[in-house]
Amino acid sequence: MIKERKNDCQGWIKELHRILCMQGGDDDVSYARNSEGPAMALRLSRPLITEGIRSMELFKGEDSLRIADLGCATGYNTLAAMDCVVDTLRSRYHQDFGYQPEIQAFFSDLPSNDFNSLFRLLPPMILSHNDNDDDHYAEETRDYYAAGVPGSFYYRLFPKGKLHVVLNTGDGVGQGFTGIQQGRAWIEGARKEVLEAYARQSEEDLKAFLQCRKEEMVKGGLLFILMAGRSHPQREDQLGDPDTRAKHPFTSSMDQAWQDLLDEGLIDEETRDKFNIPAYMRSTDEVMEAFNQCNGFDVKKLEFKRIEEHTEEKQQEWISDPVSYGRTKANLVRATLKPIVQAHVGRMLSEELFKRFEKIVSGDEEMLHKTCFYGVIVVRAVRK
Ligand SMILES: C[S@@+](CC[C@H](N)C(=O)[O-])C[C@H]1O[C@@H](n2cnc3c(N)ncnc32)[C@H](O)[C@@H]1O
């Protein structure tokens, strides 16, 4: 019985890894064009990444360094993050030791990620590191070797003791919950046992993630994580901001869109109730606890930050054109959830769901006037 359940669970995780990815390509509904939220988070974390690299002890004499971005998705965010790490490392080596190591960058995500779109965005490589070479300063070049690594970051992805810097920006998506929740796609306001199932899974995920990185990283290596999070210990209050809660795509608008499909006879109740969004906002205490248990890292920084979802200017633009707001929000949700919605109800019904969602969001005037925030947890740690 237990074995059967374990097999079932492993089957589900395998299936989830096949479908859980950002929408590929570069059209209006792709992740590449709808990653403004992670981009804002990255902008915020740029100085933190730079600070981390400036304060890390360098690997003197090492002639090549390996950097990995785990959960890279597609689009420019991962390239910007990688540039930031590479540039800061290069200038430190140049300043401190008068040489620059060769750098190999690994872009890693689930096998279903659209690696081709990402690789097409890679600027040409410059082969010379001669400082007098004008090309070195040309825009749109890269001075690292690039490789793609398909696989889940909850498992080993690299040989032992090889990585010098690891980035993981935009996690918070765990392996989720496979049970039934009536009329609810996510956990905000969910039953206690559902919440606990999500929290347990999230804890296991983070522990597995840290254990694997502990093995893969060199001593002194830098681990930088940016994950969705909450500011307070109470896990039942996932968003922690009652005024902006309604705007969150996983809550009321999404639930209403599923309800509309049900009311129109397009799906049955079981189909609605079996859909669960695999995301969990961790607290800083939960994250610290996982690091303590792993005992492989010195945590240098661990803090919660609130990021405004968009600019004041954008909000004004949307207030005067609510339809474009609905479209933007629906595209954002398509970019992140379409693969799992499609796997649940198929291509046609998935599109119907997003259309309902778009209409609900466009029609909710009150929502437009609220300012929405993302909560993120930033961690900087050094491999002991
Ligand atoms: C919100 S996106 C962030 C992407 C990118 N780092 C950025 O800042 O734009 C999260 C990424 O993590 C990936 N991801 C989720 N679970 C994963 C897992 N178990 N292993 C590897 N990647 C995973 C998703 O496929 C997705 O591309």
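This report walks through a predicted protein model, from its overall make-up to a few helix pairs and single residues.

**The whole protein**

Let us start with the broad picture. The protein has 384 residues, and 38% of them count as buried. Its secondary structure comes to 11 helices and seven strands. How do the contacts spread along the chain? Among contacts between residues at least 6 apart in sequence, 84% join residues at least 24 apart.

The largest nonpolar core holds 74 residues. Within this core, Ile67, Val85, Val166, Leu223 and Phe357 touch the most other members. Helix 10 gives the core its largest share, with 11 residues. Keep Phe357, Val166 and Leu223 in mind, as these names will come back.

**Helix 6 against helix 10**

Helix 6 covers residues 252-263, while helix 10 covers residues 322-363. The two pack with their axes 8 Å apart, at an angle of about 125 degrees. Because of that angle, helix 6 is oblique to helix 10. Their crossing is right-handed.

Which residues meet here? On the side of helix 6 you will find Ser253, Met254, Gln256, Ala257, Trp258, Asp260 and Leu261. Facing them in helix 10 are Leu349, Glu352, Leu353, Arg356, Phe357, Ile360 and Val361. Sorted by class, the contact of helix 6 with helix 10 has nine nonpolar, two polar and three charged residues.

Phe357 deserves a second look. Leaving aside its neighbours within four places in sequence, phenylalanine 357 is in contact with Ser253, Met254 and Ala257, and these three belong to the helix 6 side of the meeting just described. Its list of contacts also includes Ala330 and Val333.

**Helix 5 against helix 8**

A second pair to find in the structure is helix 5, residues 192-216, and helix 8, residues 284-294. Here the axes are 9 Å apart and the angle is about 45 degrees. That angle is the reason why helix 5 counts as oblique to helix 8. Helix 5 passes helix 8 in a right-handed crossing.

Helix 5 brings Glu203, Leu206, Lys207, Leu210, Gln211 and Lys214 to the contact. Helix 8 brings Glu286, Val287, Ala290, Phe291, Gln293 and Cys294. By class, the residues of this contact of helix 5 with helix 8 divide into six nonpolar, two polar and four charged.

Helix 5 is also home to arginine 213. Is arginine 213 buried or exposed? Arginine 213 is buried, because 26 other C-beta atoms lie within 10 Å, and 20 or more are enough for that label. Not counting residues up to four places away in sequence, arginine 213 touches Val166 and Leu223, two of the core residues named earlier.

**Far along the chain, yet how far in space?**

Residues with many places between them in sequence can be compared by the distance between their C-alpha atoms. The table gives three such pairs.

| Pair | Separation in sequence | C-alpha to C-alpha distance |
|---|---|---|
| Histidine 369 and tryptophan 318 | 51 residues | 9.2 Å |
| Leucine 44 and valine 378 | 334 residues | 9.8 Å |
| Arginine 213 and arginine 383 | 170 residues | 8.7 Å |

Histidine 369 sits in the loop between helix 11 (365-368) and strand 7 (373-383). Histidine 369 is exposed, because it has 9 other C-beta atoms within 10 Å, and 12 or fewer earns that label.

Leucine 44 lies in helix 2, residues 36-55. With 16 C-beta neighbours inside 10 Å, leucine 44 counts as partly exposed. Neighbours within four places in sequence aside, leucine 44 is in contact with Lys305 and Ile307.

**Two loop residues with positive phi**

Two more residues are worth finding for their backbone angles. Alanine 73 has a phi near 55 degrees, a positive value in a residue other than glycine. Asparagine 295 also has a positive phi, near 55 degrees, and is likewise a residue other than glycine.

Where are they placed? Alanine 73 is in the loop between strand 1 (64-70) and helix 3 (76-97). Asparagine 295 is in the loop between helix 8 and strand 6 (297-308).

What about their surroundings? Alanine 73 counts as buried, because it has 28 C-beta neighbours inside 10 Å. Asparagine 295, in contrast, is exposed, with 10 other C-beta atoms within 10 Å.

Definitions and conventions: Residues numbered from 1 in each chain as written. Predicted model: local features only at pLDDT ≥ 70, side-chain atom pairs only at ≥ 80, totals over all residues. Axes fitted to C-alpha atoms, helices over the stretch in contact; angles between N-to-C directions. Helix = DSSP H or I, 4+ residues; strand = E, 2+ residues; numbered from the N terminus. Parallel < 35°, antiparallel > 145°, perpendicular 65-115°, else oblique. Left-handed = near helix turned anticlockwise from the far one by under 90°. Contact = placed C-beta atoms within 7 Å. Nonpolar A, V, L, I, M, F, W, Y, C, P; charged D, E, K, R; others polar. Core = buried A, V, L, I, M, F, W, Y, C linked by C-beta atoms within 7 Å.
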